[in-house]
Amino acid sequence: MDGPAASGKHTLARQIAKKYKLLHLDSGKLYRYFALQVYQTKGQKVNYTKLKQALKKLTLKKLKDKRLTSEPVTKIASIISKIKKIRQMLKKVQHDLAYNPPNKFKGSILDGRDIGTVIMPDAHVKVYLTASLNVRAARRYKEYKKMGVKTTLNKVKSDIKKRDYEDTHRKISSLKPAKDAVLLDSSFYNTRTAFVEIDEVIRKRIKLLNAT
Ligand code: CDP
């Protein structure tokens, strides 16, 4: 599942994972995890040795760290995700989890920007989830408010707009729908309706796979 910032990928992927007993990996959290390491070195250059060490210590629990969603870490994640070496380092983790999830899972679902195009070009189901900038900004603003983060709707909107631009214009792994992705604009959908739509796509695909 791919799509721009705050399009609702994380929530929907989590729900799909629960229904189909899949491992869920929010790949954005991996970039945020690296961004946190960079943030902690206080503006110094990216230290790849440190990142390698952090990668070795990575657990799914560590990706739930609240600091990963903070504003400075979000900004750094957007910047470092343009670096080829960073993307290569994170590709392996994503592959390992996507293609060899622990036995208790029946498969995997990943969400991000380049899952259908680069990480899992052979995924059984590809969904590109989007929503208008206004809707996405309002959703993210609501999330921030709930978390007690002090910000304004306008600031959230301009930050998202900037990240959208960076994600779609970078040279490698830019944000775009895979040719075979199902496009879903969730601007006028609530989570439940979006879930039903995506589930329908999955069920059709399973039927097709079972028939061949
Ligand atoms: O949750 P939100 O949509 O705001 O962002 P995220 O999915 O956590 O991703 C954080 C940043 O990581 C994005 O701004 C992207 O620049 C980058 N990212 C990426 O380059 N490739 C991915 N597969 C996932 C995220």
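Is Arg140 buried, partly exposed or exposed? In this predicted model, the relative accessibility of Arg140 is 15%, and because buried means under 20%, this residue counts as buried. Arg140 belongs to helix 7, which spans residues 133-147. Within that helix, the side chain of Arg140 makes a polar contact of 3.0 Å with the side chain of Glu143. Looking beyond the neighbours within four places in sequence, Arg140 is in contact with Ala6, Arg32, Val156, Ile160 and Arg163. Pro102 offers another point of reference: 38 residues separate Pro102 from Arg140 along the chain, and their C-alpha atoms are 32 Å apart.

The ligand comes next. Its surroundings comprise 17 residues, and Arg140 is listed among the closest, together with Arg32, Arg87, Arg163 and Asp167. Two of the names met above, Arg32 and Arg163, are thus contacts of Arg140 and are also among the residues closest to the ligand. By class, the shell around the ligand holds nine charged, five polar and three nonpolar residues.

Some individual atom pairs can be followed in the structure above. In Arg163, an N or O atom of the side chain is 2.7 Å from an oxygen atom of the ligand. For Arg87, a polar side-chain atom lies 2.8 Å from a ligand oxygen atom. Ser27 has a nitrogen atom of the ligand as its partner, with a polar side-chain atom 2.9 Å away. The ligand taken alone exposes 530 Å², and the protein buries 96% of that area. Helix 2 (27-40) and helix 8 (153-169) are the elements that each give two or more residues to the shell. Of the elements, helix 2 gives the most, with four residues.

Backbone angles add one more detail. Most residues other than glycine have a negative phi. Ala6, one of the contacts of Arg140, has a positive phi of about 60° although it is not a glycine. Ala6 sits in the segment before helix 1 (9-20). With a relative accessible area of 11%, Ala6 is buried, because the cut-off for that word is under 20%. Lys21 is another residue other than glycine with a positive phi, near 55°. This lysine is found in the loop between helix 1 and strand 1 (22-26). Its relative accessibility is 48%, so Lys21 counts as partly exposed, whereas Ala6 is buried.

Methods:
Residues are numbered from 1 along each chain as its sequence is written. This is a predicted model: local features need pLDDT of at least 70, side-chain atom pairs count only at pLDDT 80 or more; totals for chains, interfaces and linings use all residues. Side-chain values use heavy atoms; hydrogens and water are left out. Buried means under 20% relative accessible area, exposed over 50%, partly exposed in between (1.4 Å probe, protein chains only). Contact means heavy atoms within 4.5 Å. A polar contact is a pair of N or O atoms within 3.5 Å; within protein, one must be able to donate a hydrogen and the other to accept it, and residues adjacent in sequence count only if both atoms are side-chain atoms. A residue is near a molecule or strand if one of its heavy atoms lies within 4 Å of it. Accessible areas come from the Shrake-Rupley method with a 1.4 Å probe; for residues, only the protein chains shown count as cover. Ala, Val, Leu, Ile, Met, Phe, Trp, Tyr, Cys and Pro count as nonpolar, Asp, Glu, Lys and Arg as charged, and the others, Gly among them, as polar.
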